[in-house]
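Me: I'd love to go through this model with you, one question at a time. Could you take a look?

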Amino acid sequence: MSVSSTQKARQAIGRQLRDLRRRADLTVTELAHRCAWHHSKTSRIENARTSPSTKDIRLWCQACDAPEEVEGLLSKVLAAESMYTEWRHQVRSGMAHLQGSSTSLFQRTKLFRVYSSILVPGFLQTQGYASALLSAIADFREIPVNDGSAAGAARIERSRIMHEASRRFVLLVEESALRHQIGDSEAMAAQLGHLLTAGALPTVSLGVIPHATQQRDQWPVETFHMYDDKIVSVELLSARVRITQPAEVELYLRAFERLRSMAVYGAEARALVVRAIAALR
């Protein structure tokens, strides 16, 4: 897994802190003495081997007589750390609150692109499917309170954004995503039936990449979401990675376009969904 976007952000913060120290005409040891920590910590922070805490930033700026730099640096640290977010820190109080955690990002985005090889994308999930999925995730993560049903309802509420005419959704799934059963047969049948109608929304382009495609020049990759051409969110088993480096975003865009070219749409996509429904019986 690449977390180079996060590391580059941390390196930029380290350079800014080093510049502050040098402008204050302080050595590594002198700054460490003023902050009451070992000089090796100063070096680790400046070289992005250790992420500074809020307290570290405040002490550093105080030592350099630069209090005006505190808030800007704290914002950068927060942004850098949010690029790689471990799920275990996000789900301590349940799954439901997570469904609204990206509200501001959603509101800023006009073009959503989603690729999923194993699951129906969240935007297209039904209540039964989403609740079963999120409950299973809560069980796996051993969350004390399993609020999968409430989380599923919150996810459905979030998906109402698809009905806003000012936005566009380009959603790609591998045919295998139609075959991995989540919940009981009734919930899965309802989910697949929903795809037949949701895929016809004027804001939505739904593509399915068939098992039998003979033109595969892009292998299945991890599930990812693209927000305009600015941010890619990759969902891993242990964490969510947000990628903002233009070169990395471009790589995902290139992969998405290759995958999109292999998908079928309209009647052909609906035929694959109907075939998956028939396989449930």
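Me: Where is glutamate 142 found?

Reply: Happy to help! This is a predicted model, where local features need pLDDT of at least 70, side-chain atom pairs count only at pLDDT 80 or more, and totals for chains, interfaces and linings use all residues. Residues are numbered from 1 along each chain as its sequence is written, and side-chain values use heavy atoms, with hydrogens and water left out. Helices are DSSP runs (H or I, at least four residues) numbered from the N terminus, and glutamate 142 lies in the loop between helix 8 (127-140) and helix 9 (148-158).

Me: Is glutamate 142 buried or exposed?

Reply: Buried means under 20% relative accessible area, exposed over 50% and partly exposed in between (1.4 Å probe, protein chains only). Glutamate 142 has 69% relative accessibility, so this residue counts as exposed.

Me: And which loop holds alanine 36?

Reply: Alanine 36 is not a glycine, yet its phi is positive, about 65°. Its place is the loop between helix 2 (28-35) and helix 3 (39-46).

Me: Are helix 10 and helix 12 roughly parallel or antiparallel to each other?

Reply: The axes, lines fitted to C-alpha atoms over the stretch in contact, have angles from 0 to 180 degrees between N-to-C directions. Those of helix 10 (residues 185-198) and helix 12 (residues 266-278) come within 9 Å and cross at roughly 165°. Angles under 35 degrees count as roughly parallel, over 145 as roughly antiparallel, 65 to 115 as roughly perpendicular and the rest as oblique. Helix 10 and helix 12 are therefore roughly antiparallel.

Notes
Helix = DSSP H or I, 4+ residues; strand = E, 2+ residues; numbered from the N terminus.
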